[in-house]
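The exercises below ask you to work from single residues towards the whole fold. Each task is followed by a solution that proceeds step by step.

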Amino acid sequence: MAEIFDSHEIDVGQDEEAIYAPAITLWALISQAFFKGQMRSGKAIVGRIAGLWTTLGKLSSMRTGAWKWG
């Protein structure tokens, strides 16, 4: 995927503190296709992103109002 972004000169969020890097945002939006109902909402997308970062040990909280890096 990085090659595609590079060919279009899109920064794929190499910054370690980038929560909504383009690749993560694209993954989250595509994930909507695999869910139904409320799991396709924007709130659910934010929850999936928060879950990913929490699982990777990058967030200290799933509360999306004021994310703090762990």
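**Exercise 1.** Determine in which element Ser31 lies, and whether Ser31 is buried or exposed.

Solution. The model is a predicted one, and the first step is to place the residue, which lies in helix 2. The second step is to take its relative accessibility, which is 7%; since buried means under 20% relative accessible area, Ser31 counts as buried. The third step is to look along the chain to Ile45, which is 14 residues away from Ser31 in sequence, and whose C-alpha atom is separated from that of Ser31 by 7.9 Å.

**Exercise 2.** Find which residues of helix 2 are buried, and work out how they are arranged around the axis.

Solution. The buried residues of this helix are Ile24, Ala28 and Ser31. They cover an arc of only 60° around the axis, and therefore sit on the same side of helix 2. As a last step, ask what lies over them: the cover of the buried residues of helix 2 includes helix 3.

For contrast, consider Ile30, which also has its place in helix 2, a helix spanning residues 22-31. Its relative accessibility is 44%, so Ile30 counts as partly exposed. Together with Leu26 and Phe34, Ile30 makes a nonpolar surface patch of about 310 Å².

**Exercise 3.** Describe the surroundings of Arg48, Ala44 and Ile45, leaving aside neighbours within four places in sequence.

Solution. Begin with Arg48, which is found in helix 3, residues 42-55. Its relative accessible area is 13%, and Arg48 is therefore buried. The residues in contact with Arg48, apart from those sequence neighbours, are Trp27, Ala28, Ser31, Gln32, Phe35 and Met39.

Continue with Ala44, whose place is likewise in helix 3. With a relative accessible area of 14%, Ala44 is buried. Under the exclusion of residues within four places, Ala44 is in contact with Gln38 and Met39. Ala44 and Ala28 are 16 residues apart in sequence, and their C-alpha atoms are 9.2 Å apart in space.

Finish with Ile45, which, when residues up to four places away are not counted, touches Ala28, Leu29 and Gln32.

**Exercise 4.** Identify which residues make up the largest nonpolar core, and which elements give two or more residues to this core.

Solution. The first step is to list the members, which are seven in all: Ile19, Ala21, Ile24, Ala28, Ile45, Ile49 and Trp53. The second step is to assign them to elements, and those that give two or more residues to this core are helix 2 and helix 3. The third step is to compare the contributions, where the largest share, three residues, comes from helix 3.

**Exercise 5.** Summarise the fold as a whole: how many helices and strands are there, and what part of the residues counts as buried?

Solution. Counting the elements gives three helices and zero strands, and read from the N terminus on they run α-α-α. Turning to burial, 21% of the 70 residues count as buried. For the exposed side of the account, the protein exposes about 5200 Å², of which carbon and sulfur atoms supply 58%. As a final step, take the contacts between residues at least 6 apart in sequence, among which 27% join residues at least 24 apart.

Note on methods. Residues numbered from 1 in each chain as written. Predicted model: local features only at pLDDT ≥ 70, side-chain atom pairs only at ≥ 80, totals over all residues. Heavy atoms only, no water. Patch = residues over 30% accessible without salt bridge, like charges linked within 9 Å, V, L, I, M, F, W, Y side chains within 5 Å. Areas by Shrake-Rupley, 256 points an atom, 1.4 Å probe, with all protein chains shown as cover. Salt bridge = Lys/Arg side-chain N within 4 Å of Asp/Glu carboxyl O. Helix = DSSP H or I, 4+ residues; strand = E, 2+ residues; numbered from the N terminus. Buried < 20%, exposed > 50% of the residue type's maximum accessible area, 1.4 Å probe, protein only. Contact = heavy atoms within 4.5 Å. Arc of directions from axis to C-beta. Core = buried A, V, L, I, M, F, W, Y, C linked by side-chain atoms within 4.5 Å.
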